[in-house]
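Visitor: Before we begin, I would like to hear how the terms used for this model are justified, one by one.

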Amino acid sequence: MPHSRRQSLPPVMIGALAGFSAASLLTFGYLSWDWLEAEAPEPGLREPPAGSGKPPSPPHIVFILADDQGFHDVGYHGSEIHTPTLDRLAAQGVKLENYYIQPICTPSRSQLMTGRYQIHTGLQHSIIRAGQPNCIPLANVTLPQKLQEAGYSTHMIGKWHLGFYKRECLPTRKGFDTFFGSLTGSGDYYTHEICDGPKTCGFDLHKDENVAWEYRAHSYSTFLYTQKAVDILASHNPKEPMFLYLAFQAVHTPLQVPKKYLGRYMSIENLGRRRYAAMVTCLDEAVNNITRALKKYGYYDNTVIIYSSDNGGQPLAGGSNWPLRGRKGTYWEGGIRGIGFVHSPLIKNKGSVSQGLMHITDWYPTLVTLAEGELEENLDLDGYDIWETISEGKPSPRTDILHNIDPLYTRVKTRSPRDGFGIWDTAIQAAIRVRDWKLLTGNPGFSDWIPPQTFPNFGGKWWNLERVLWAKGKSVWLFNITADPYERVDLSQQYPEVVKKLLRRLAQYNKTAVPVKYPPKDPRSNPNLNGGAWVPWDNGDDDENNLFNSNAGERTCNLCNTILRFKKPIWG
């Protein structure tokens with residue numbers, strides 16, 4: 001059942017917001033909540049919008065996913081970082097300026113691949129760590145599997161990070177004809193090794209289902225992945241539809257980059273920011289090389305190129321989300337507002353900026369429909385077909401986003417039970433966006449506004465320029481995110497009725513949640529026991545659901561006592 005459509009409002013300029021107060025927000029006229037009276041739409045299949053806007057034949061699809069690129073860290077967002085390719089492709093295509101992703105790696109990738117929120121796949125908490133016996137649910141039909149059904153050749157290059165403890169979890173078992181890349185979350189850009197603890201290090205570069213030992217210390221990963229993409233384009237028949245998913249390691253830590261890219265940024269005294277900027281420029285060059293190959297080998301005229309970040313930037317590792325609040329790993333806008341654009345000769349509204357509300361789950365139905373594939377009702381998708389919003393500038397069919405409900409994240413210890421009005425336990429970390437409103441509960445994560453790191457060192461006065469403190473035990477925040485995209489003015493006290501109705505929406509979503517899957521590390525995963533590489537280690541027939549309580553009323557797994565020993569999750 002589709003949501004009603006509406007035209008999104010234009011963005012508010014930074015200068016206009018500088019002096020905002022709760023009173024000034026009232027003048028915008030955005031504060032009606034009549035829409036909240038309606039029952040929340042049932043999660044699942046959305047009816048694809050009728051009309052034109054689709055290409056005459058199935059297009060090639062190239063999806064480029066950058067890792068940890070901050071909202072500020074692209075030229076067309078005012079960055080000092082040089083990104084001429086991204087700037088040009090975005091300017092000639094459609095910039096997605098109301099586009100949301102997830103705050104860390106695995107959740108964004110799982111929602112891209114399944115078109116479903118985390119609460120519907122059991123991946124609500126943290127990331128899938130290298131040694132965990134966990135992966136994307138085997139029962140879920142993935143985006144590449146649907147594209148295969150539609151006659152596409154499917155290829156993946158880069159970072160998987162969706163689990164690999166069983167062979168059934170591997171990219172080649174989940175819809176990709178070929179795979180070249182890493183299975184874990186991060187590693188050395190040159191040696192392709194990753195450690196998941198003391199004496200738990202191994203090689204992580206794979207070709208299809210085999211360890212790619214021949215590439216050990218072969219090349220900087222951005223170069224290597226780009227060359228593999230060009231090789232695929234050179235060998236494939238451009239008359240046959242292809243899906244190329246290129247998930248770069250860049251610009252995730254460690255901050256490693258060939259020296260030749262550093263010269264442009266020697267004026268940046270902050271060494272971390274300097275290296276990070278150089279890595280982004282190297283990534284931009286890679287995208288240029290792929291675009292040139294699309295033209296050289298005859299794909300470009302019938303190709304849709306999608307560029308997306310996977311989560312917000314990490315300021316401690318050189319990234320910047322300015323002027324947004326927060327950082328990677330948080331549900332503030334700086335953690336979940338993504339860089340995104342679509343570039344294609346097939347777009348009708350070239351050179352435009354879309355303010356339509358979009359989420360990473362939307363790519364699944366959008367791309368399958370674009371590929372003339374089938375979307376069965378039992379897929380229970382949380383995404384929408386947004387092609388007409390992108391190509392023709394029509395209103396987005398999406399009016400809400402469940403950012404997440406994580407019952408295992410560190411709970412707020414001191415709070416007033418009245419904050420939840422008897423509707424919701426506000427100690428639980430959760431975030432939801434409905435039209436103009438955004439509600440956060442529990443511990444939303446590090447909340448400062450961090451200006452671009454132009455200072456010499458990570459520490460020091462710059463860290464305190466935009467520091468905010470709130471009362472101990474505070475567990476509810478409400479923002480009119482359309483009028484106040486930088487989350488400067490908390491309206492939770494002024495509009496308790498809006499808070500109540502958004503809490504009810506959270507409670508409705510939570511009724512559809514499956515148990516959290518976050519098992520402890522399996523010692524059998526240690527690369528020292530598996531030939532020195534990170535590879536599948538579970539060859540048994542154990543039912544992956546046996547570890548977890550099958551009672552639908554339970555929202556956490558039986559291993560929570562073990563899980564909660566980890567005081568702070570390690571973000572991927």
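**Terms and evidence**

Guide: Not counting residues up to four places away in sequence, Ser-492 touches Lys-474, Val-476, Trp-477, Leu-478 and Val-499, where contact means heavy atoms within 4.5 Å. The model is predicted, with local features needing pLDDT of at least 70 and side-chain atom pairs counting only at pLDDT 80 or more, while totals for chains, interfaces and linings use all residues. Residues are numbered from 1 along each chain as its sequence is written, and side-chain values use heavy atoms, with hydrogens and water left out.

Visitor: Why does Ser-492 count as buried?

Guide: Buried means under 20% relative accessible area, exposed over 50%, and partly exposed in between, with a 1.4 Å probe and protein chains only. Ser-492 has 8% relative accessibility and therefore counts as buried. Its place is in the loop between strand 18 (476–480) and helix 11 (496–510), helices (H or I, at least four residues) and strands (E, at least two) being DSSP runs numbered from the N terminus.

Visitor: What puts the buried residues of helix 3 on the same side?

Guide: The buried residues of helix 3 (residues 84–92) are Thr-85, Leu-86, Leu-89 and Ala-90. They cover an arc of only 120° around the axis, which puts them on the same side of helix 3; the arc is that of the directions from the helix axis to the C-beta atoms. These buried residues pack against strand 2, helix 7 (271–296), strand 11 and strand 12 (340–343).

Visitor: Which residues have the most contacts inside the largest nonpolar core?

Guide: A nonpolar core is a set of buried Ala, Val, Leu, Ile, Met, Phe, Trp, Tyr and Cys residues joined through side-chain atoms within 4.5 Å. The largest has 51 residues, and those with the most contacts inside it are Phe-63, Phe-243, Tyr-245, Val-342 and Trp-363. Helix 9 gives the most to this core, with five residues.

Visitor: What is the volume of the largest cavity, and what lines it by class?

Guide: A cavity is a set of points, on a 1 Å grid over the protein atoms alone, where a 1.4 Å probe fits but cannot get out, and lining residues have an atom within 4 Å of a point. Grid points are joined across faces, edges and corners, and a volume is the space filled by probe spheres set on the points. By that reckoning the largest cavity has a volume of about 110 Å³. Its lining, which includes Asp-188, Glu-193 and Tyr-225, has two nonpolar, seven polar and three charged residues, where Ala, Val, Leu, Ile, Met, Phe, Trp, Tyr, Cys and Pro count as nonpolar, Asp, Glu, Lys and Arg as charged, and the others, Gly among them, as polar.

How values were computed
On a 1 Å grid over the protein atoms alone, a cavity is a set of points where a 1.4 Å probe fits but cannot get out, and a pocket is an open set with protein on both sides within 12 Å along at least five of seven lines; lining residues have an atom within 4 Å of a point.
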